[in-house]
Amino acid sequence: MFKHLDSDTYLSGTIKPSSGGNGAFAVELSGQLSSNLIFKLLPHRSYESEGMKIPFGSPVKIQNVKTGTFVTF
């Protein structure tokens, strides 16, 4: 879970389209605890696999567990 400290809410994955019009899905802040709040960090490189240790400073992919979508920025 990722907590937004200023509002004391959590980042929640959705299947709503983002406002950017690029085919991405939106995330939103939620005060309610739910399965939409669970994200996992995955290795970014193709030769790394889930479950391997990710070295500090390495790029990661952030995936919402419920929707299967990824956070990009």
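**Figure 1. Environment of Thr9 in strand 2 of the predicted model.** Thr9 counts as buried because its relative accessibility is 15%, which falls under the 20% limit for that class. The residue belongs to strand 2. Leaving aside residues up to four places away in sequence, Thr9 touches Phe2, Lys3 and His4, and also Leu29, Ser30 and Gly31. The side chain of Thr9 makes a polar contact of 2.6 Å with the side chain of Ser7. Between the C-alpha atoms of Thr9 and Thr72 the distance is 20 Å, with a separation of 63 residues in sequence.

**Figure 2. Hairpin of strand 1 and strand 2.** Strand 1 (residues 3–4) runs antiparallel to strand 2 (residues 9–17), and two bridges join them. Lys3 has Tyr10 of strand 2 as its bridge partner. Four residues lie between the strands of this hairpin. Asp8 is located in the loop between strand 1 and strand 2. The phi angle of Asp8 is near 60 degrees, a positive value in a residue that is not glycine.

**Figure 3. Salt bridge between Lys3 and Asp8.** The closest N and O atoms of Lys3 and Asp8 are 2.7 Å apart. Side chains of opposite charge can pair when their charged atoms come close. Lys3 is partly exposed because its relative accessible area is 42%, and partly exposed residues lie between the limits of 20% and 50%. A search of the whole structure gives four salt bridges, and two further examples appear in Figures 4 and 6.

**Figure 4. Pairing of strand 2 with strand 3, and the Glu28–Lys16 salt bridge.** Strand 3 (residues 25–30) is antiparallel to strand 2, to which five bridges join it. In this pairing, Leu11 has Leu29 of strand 3 as its bridge partner. The side chains of Glu28 and Lys16 form a salt bridge with an N to O distance of 3.1 Å. This pair links distant parts of the chain, since Glu28 is in strand 3 and Lys16 in strand 2, twelve residues apart. Glu28 counts as partly exposed because its relative accessibility is 33%. Lys16 also counts as partly exposed, at 46%.

**Figure 5. Open sheet of strands 4, 5 and 6.** The three strands take the order 4-5-6 with antiparallel pairing. Strand 4 (39–43) and strand 6 (70–71) are the edge strands, each pairing on one side only. Five bridges connect strand 4 with strand 5 in the antiparallel sense. Within strand 5, Val60 stands opposite Pro43.

**Figure 6. Salt bridge between Glu50 and Lys40.** The closest N and O atoms of Glu50 and Lys40 are 3.2 Å apart. Glu50 is in the loop between strand 4 and strand 5, whereas Lys40 is in strand 4; the pair links distant parts of the chain, ten residues apart. Glu50 is exposed because its relative accessible area is 57%, a value over the 50% limit. Lys40, with a relative accessible area of 29%, is partly exposed.

**Figure 7. Gln63 in strand 5.** Strand 5 spans residues 60–64 and includes Gln63. Gln63 counts as buried because its relative accessibility is 15%, under the 20% limit. The side chain of Gln63 reaches the backbone oxygen of Gly68 at 3.2 Å. With residues up to four places away in sequence left out, Gln63 touches Ile38, Phe39, Lys40 and Leu42, together with Gly68, Thr69 and Phe70.

Conventions. Residues are numbered from 1 along each chain as its sequence is written. This is a predicted model: local features need pLDDT of at least 70, side-chain atom pairs count only at pLDDT 80 or more; totals for chains, interfaces and linings use all residues. Side-chain values use heavy atoms; hydrogens and water are left out. Two strands pair if DSSP finds at least two bridges between them. Buried means under 20% relative accessible area, exposed over 50%, partly exposed in between (1.4 Å probe, protein chains only). A polar contact is a pair of N or O atoms within 3.5 Å; within protein, one must be able to donate a hydrogen and the other to accept it, and residues adjacent in sequence count only if both atoms are side-chain atoms. Contact means heavy atoms within 4.5 Å.
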